[in-house]
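Trainee: I have just opened this structure and would like to understand the terms people use for it. Could you take me through a few of them?

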Amino acid sequence: MGLLSILKKVKQKEKEVRLLILGLDNAGKTTIVKKFNGDDINAIEPTLGFNIKTMEYKGYQLNVWDVGGQQTIRSYWRNYFEQTDGLIWVVDSADRGRLQDCKRELHDLLGQEKLAGASLLVFANKQDLVGALGAAEIAQVLGLESKQFANRHWSIVACSAVTGEGLAQGVDWMVSDIGARIFMMS
């Protein structure tokens, strides 16, 4: 996000936040959005493009862009980076076989200039499944303590999209972090 965009938001005192939710296919992105919004999660199908959900949360209007994670769609992710205030990266904590792919995709994303100022929330999802790695283990696998993350605002939260556990904690952090950086004069 450029300086002009930040100044524009401060000047207008708008409380609108653009969040991009990404991750590999079957990580639980759509389920997280639906559960957090109080929607039914019993009939969720793979996202073949994108969904936009607008919701009010603690005085902010959250525009959540939920983009499919299939390998064939990932090259199009860059089309959604413009004016993103926060990136929510969802990890299937029980899918150990794809954690290196997950790490590679995340590191590629964070190298994108248009996401340079975006806050990063990592949801270590599917904590309700036996064998799921905890948030600290996911942070280690993803290399969140590496130099690439040294100047980035980030947090990792263990969650379950099915039970809803951890979702409010993660979104609270995201909204607070973005609010402190962008809406500092509100």
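Trainee: Which residues does T30 touch, not counting residues up to four places away in sequence?

Mentor: Happy to help, and keep in mind that this is a predicted model. T30 touches I44, T47, N51 and D66. T30 itself lies in helix α2, which covers residues 29-37.

Trainee: Why is T30 called buried?

Mentor: The relative accessible area of T30 is 12%. Buried means under 20%, so T30, at 12%, earns the word.

Trainee: And T47, is that residue buried or exposed?

Mentor: T47 has a relative accessible area of 12%. The cut-off for buried is under 20%, so T47 is buried. T47 is found in the loop between α2 and β2, the latter being residues 50-57.

Trainee: What makes the link between the side chains of T47 and T30 a polar contact?

Mentor: The two side chains make their polar contact at 2.8 Å. A pair of N or O atoms has to be within 3.5 Å, so the distance of 2.8 Å meets that limit.

Trainee: What else is T47 in contact with, leaving aside neighbours within four places in sequence?

Mentor: Besides T30, the contacts of T47 are D66, V67, G68, Q70 and I73.

Trainee: Which residues does the UniProt annotation "binding site" cover?

Mentor: According to the UniProt record, an unreviewed entry, the annotation covers T30 and T47. They are spread over 18 residues of sequence but cluster in space, with a largest C-alpha distance of 7.5 Å. Both T30 and T47 are in the lining of the largest pocket.

Notes. Residues are numbered from 1 along each chain as its sequence is written. This is a predicted model: local features need pLDDT of at least 70, side-chain atom pairs count only at pLDDT 80 or more; totals for chains, interfaces and linings use all residues. Side-chain values use heavy atoms; hydrogens and water are left out. UniProt positions are given in the numbering used here, feature names are shortened, and annotations may be inferred rather than shown by experiment. On a 1 Å grid over the protein atoms alone, a cavity is a set of points where a 1.4 Å probe fits but cannot get out, and a pocket is an open set with protein on both sides within 12 Å along at least five of seven lines; lining residues have an atom within 4 Å of a point. Helices (H or I, at least four residues) and strands (E, at least two) are DSSP runs, numbered from the N terminus. Buried means under 20% relative accessible area, exposed over 50%, partly exposed in between (1.4 Å probe, protein chains only). Contact means heavy atoms within 4.5 Å. A polar contact is a pair of N or O atoms within 3.5 Å; within protein, one must be able to donate a hydrogen and the other to accept it, and residues adjacent in sequence count only if both atoms are side-chain atoms.
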